[in-house]
Amino acid sequence: MSALSEREDKFRRRAISVQEGQEKVLAFAKTAETEWVPLPDAQGRVLAEDISAPHPYPHFRRSGMDGFAIRSGDTVGCTSERPVYLEVVDEIPCGSLPSVSLVPGTAARIMTGAKVPDEADAVVMFEMTESGADQGKDFIMLKREIAPGSNVTPVGLELAAGDLILARGRRISAGEISVLATFGVYRVPVAKRPRVAIFSTGSELLGIDEPLQDGRIRNSNTYMLATQVREAGGEPHILEAIADDLATARLKVQEAFALYDLVITTGGVSVGDFDIMADLVRGDDVEMLFNKVMMRPGSVTTAAIKEGKHLFALSGNPGACFVGFELFVRPVIGRMLGTDQPFLPEWEAELGRDYTKVNNFTRFVRGRLEVRDGRLFAYPAALDESSVMITIKDSDCLIVIPPSSRGVQAGETVSVLRLPGAR
Ligand SMILES: Nc1nc2c(c(=O)[nH]1)N[C@H]1C(S)=C(S)[C@@H](COP(=O)(O)OP(=O)(O)OC[C@H]3O[C@@H](n4cnc5c(N)ncnc54)[C@H](O)[C@@H]3O)O[C@H]1N2
Ligand code: MOO
Ligand SMILES: [Mg+2]
């Protein structure tokens, strides 16, 4: 191809819908291998296997109160006028077992969480009893009938043996950790975190520790992306930036594919003279899936497959880079991990104020959700241009504004994609 026609080719792009793009990238997402991690390290990981209850829970009848285990039959007809006296014949702290059988007319002092004697069918709390002693024996006095089952947690109340506790694909957080600990799953089968290489491109980029220079900016996308990768369940690896040179870029990306499960680049995907990623994905060694999406920001979002692995060439503009990740990279990482919900959760809200920008592409506008009088409102950020960085931090959702010639008015219903880690 001549230099001129190559350049023309760069301009000629077929835009596909977001959904079509997502389907294309997801079709190549391979399930990650399983690894076993100690339970305390499992937070945020995704279960790789179903976990079933090896025993019922609770596995013994448990007292729900500090008090006395009794046989409820002993209290039939009991009133304040005709109280019942029971002899206290045992004391059962938590973790201990009853030491005598409870015959009619007796009770056992018992603590919350201790095993209820087999013969007892109720626990009466201390506050409902009066204690006394007679001829060296301890007694309690009850002034009302106690219903069978009172304050006794039956075996298997929460789960029966063999019940499915957690299905594979479940992201592990406090509740899941609690359940796994309860059942002694001290090593947890989880999906290996996809190792994600992150490259920035662009000769204007300074390191975050470098002093400012005229015409140059610090590299923020790399660190933003690393955070997004981690949040999505991947393991980010920040690699040395790629200068605007196609041959070097090709080599570096090639090397990265040998070492990592997925490669993300930011910048250099548009039609500029130094937009090398746009050229790189057109090379023979990669299969380009798309290089234009009917969305804004991030219309230049590009995806390719190399050696069965994904290459995402995201825009350099921070807003577009952020959205490109959330719509295309997050679901792929999620699918690799086997999560039950790889996409951002979608809600409906009322648009909080008019959004008048018109566009023939769907917009994913950074916004803020607010609940008022039981209604959910979504407020678009004041500055939402692709090049704007500052309002990403103030957003907890992406407001989906469909293509329209008049914009969307306040009060109209819109879909919102809820961002993770939202405040
Ligand atoms: N003639 C046209 N020009 C542009 C078009 C177009 O269709 N025709 N598209 C515009 C759109 S839309 C976008 S989005 C950008 C995409 O640009 P690139 O993806 O090629 O990114 P760069 O050119 O490398 O940089 C754009 C912008 O972002 C800054 N940047 C880049 N990397 C980083 C980083 N790691 N951290 C922070 N900021 C970064 C860079 O300095 C530029 O300001 O193209 C439009 N142009
Ligand atoms: O890719 Mo650009 O962000 O469409 O605005
Ligand atoms: Mg560019």
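Reader: What makes the confidence in this protein high or low by pLDDT?
Author: The model is predicted, and the protein averages a pLDDT of 95. The scale runs from 0 to 100, and 97% of the residues score at least 70. The model also scores ipTM 0.98 and pTM 0.92.

Reader: Why are Arg296 and Pro297 listed around ligand 2?
Author: A residue counts as near a molecule if its C-beta atom, placed from the backbone, lies within 6 Å of it. Arg296 and Pro297 are among the residues around ligand 2, as are Gly298, Ser299, Val300, Ser315, Asn317, Ala320 and Ser386, so they satisfy that cut-off.

Reader: What makes up the shell around ligand 2 by class?
Author: There are 3 nonpolar, 5 polar and 1 charged residues. Gly counts as polar, so Gly298 belongs to the polar group.

Reader: Which residues come nearest to ligand 1?
Author: Asn221, Gly267, Ser270, Ser315 and Gly316 do, out of 27 residues around ligand 1. Two elements, α4 (221-232) and α7 (318-337), give two or more residues to that shell. By class, the shell around ligand 1 has 8 nonpolar, 17 polar and 2 charged residues.

Reader: How do you know that domain 1 touches domain 4?
Author: Two residues are in contact if their C-beta atoms lie within 7 Å. By that test, 15 residues of domain 1 are in contact with 13 residues of domain 4. On the domain 1 side, α7 gives the largest share, 6 residues. That side has 8 nonpolar, 5 polar and 2 charged residues.

How values were computed:
Residues numbered from 1 in each chain as written. Chains lettered and ligands numbered in written order. Predicted model: local features only at pLDDT ≥ 70, side-chain atom pairs only at ≥ 80, totals over all residues. Helix = DSSP H or I, 4+ residues; strand = E, 2+ residues; numbered from the N terminus. pLDDT = per-residue confidence, 0-100.
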